[in-house]
Amino acid sequence: MRCKILTLLSAVMLLSACAAQTRQTPSSPQENYVEGGLLLPGGAPLAEESFIRELADVQFILVGEIHNSYCDHTAQARILETLARSDIKPVLGLEMVSRDKQAALDSFNDGKLSLEDLPGALGWKSGFDLYRPVFEIARAYNVPVYALNLPREIVRSARINGLDGLENPKYQEWLPKHLILPMPAQQKVLADFYANAKTGMLKQKKNNPKQNKVAFDRFILAQSLWDCSMAENAVAVHEMTKRPVMVLAGTMHVDYGWGIAYRIASVDMFLRSKLVSPWRTRPVTDGKAENASTLPPKGKADFFYYCPPSMKSRLGMTLANSQDDYGDVVVENVVPGSPAEKSGLKKGDVIYEAGGRSISTPYDLHLASMAEKNGDTLELKITREGAKRALKLELPQRAETVKNK
């Protein structure tokens, strides 16, 4: 295996280039907050002109996302358009496309492959429409698009077989040169995520701590492979194009600079990254202590974009948080014939519990469904017109499970 595991470098030294800066935050009226609008830590709206000035000397703009949030991707498209129209002129790097698919992106970049034909060329079977606004802006402004991630089979092999799973000769060209393990703060977050998982390769075995430790170490290995690969590939794209790279990746790879930014700094500590993350709650900047949790925190990112939680679920419904009460997850739409409709869910239902978990965002429901076994039934607790009800939602087999049978 050609990738080499490094010891952790000084977190302060590596993250000095991407740490969020402290700013004074004036109070702002609620009506200033629009979906997809930019925010500073502390909640003040950020004008596009100021955003552009902040990025003038930055090599990497890391923009976080929840993969199945349409709002996140429309906000990312807006950011990309803002930067493409400016003197920054970035190229685009994607977590969601692995490097073995770069030939398809090259054809798209050259104008030889249409937007309609791109999903098939990438082998993107579902979810492409969520990212369509990003690709539309890339095409409209001639922004080159680059794949950053490892082929999925390599990460799967690492999760199953650990470091031995990376010895396959055909994997060598894709592996990162150095494998840098998570810093302690990120490892704690990953440990909490792993501890709550109940399904698939993350499911822990009862009364078998040794096996669980091995599985957790392999989970950490897979996460590190993702972050290191995306970081090294982003640096390579920057060196090749001599242009800033706007990277779209999941929030776990972006927030606090723990993931991709940490690894970029390990390649070259003088490379500068700025972080942009989604913020779900409408900020209330009245200075009252009870509203502090509505404000984007300093340290998590340099900038935020406002996207109320809304999600199109594979179960056949669109979910969003109520604008009046961010603890309510409301069913906005139900697809006829879908598992959601068959369960009895209706537009306007409020889901407050799923699989025994308290639900406060659409993403909580996504996690609850993913934590159950394929083909199981997920018990929902809802309110409808003030009355509480219990429903059973049948979970379809996920595509990867069906393929591997």
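Which element gives the most to the lining of the second largest pocket?

## The second largest pocket

Helix 9 does, with 7 residues. This is a predicted model. In it, the second largest pocket has a volume of about 320 Å³. Its lining counts 20 residues, and the closest to the pocket centre are Pro176, Lys177, Glu232, Asn233 and Val267.

Three elements give two or more residues each to this lining: strand 6 (178–180), helix 9 and helix 11 (260–267). By class, the lining holds 9 nonpolar, 4 polar and 7 charged residues.

## Helices across the sheet

Helix 9 spans residues 209–241 and lies across strand 3, strand 4, strand 5 and strand 7. Its direction is about 150° to strand 5. Helix 4 (residues 102–109) lies across strand 4 (91–98) and strand 5. Helix 4 runs at about 165° to strand 5.

## The open sheet

The sheet is open and has 7 strands, in the order 2-9-8-3-7-4-5. Pairing is mixed. Strand 2 (38–39) and strand 5 (145–149) stand at the edges; each has a single partner strand, so one side of each is left without a neighbour in the sheet.

Strand 3 (residues 60–65) and strand 7 (residues 245–250) run parallel, joined by 6 bridges. Phe60 stands opposite Val245 in strand 7.

## A hairpin

Strand 15 (residues 377–384) pairs with strand 16 (residues 387–394) in the antiparallel sense, over 8 bridges. Thr383 stands opposite Lys388 in strand 16. The two strands form a hairpin with 2 residues between them. In the turn, Glu385 has a positive phi of about 55°.

How values were computed:
Residues are numbered from 1 along each chain as its sequence is written. This is a predicted model: local features need pLDDT of at least 70, side-chain atom pairs count only at pLDDT 80 or more; totals for chains, interfaces and linings use all residues. Side-chain values use heavy atoms; hydrogens and water are left out. Two strands pair if DSSP finds at least two bridges between them. Helices (H or I, at least four residues) and strands (E, at least two) are DSSP runs, numbered from the N terminus. Contact means heavy atoms within 4.5 Å. Axes are lines fitted to C-alpha atoms, for helices over the stretch in contact, and angles run from 0 to 180 degrees between N-to-C directions. On a 1 Å grid over the protein atoms alone, a cavity is a set of points where a 1.4 Å probe fits but cannot get out, and a pocket is an open set with protein on both sides within 12 Å along at least five of seven lines; lining residues have an atom within 4 Å of a point. Grid points are joined across faces, edges and corners, and a volume is the space filled by probe spheres set on the points. Ala, Val, Leu, Ile, Met, Phe, Trp, Tyr, Cys and Pro count as nonpolar, Asp, Glu, Lys and Arg as charged, and the others, Gly among them, as polar.
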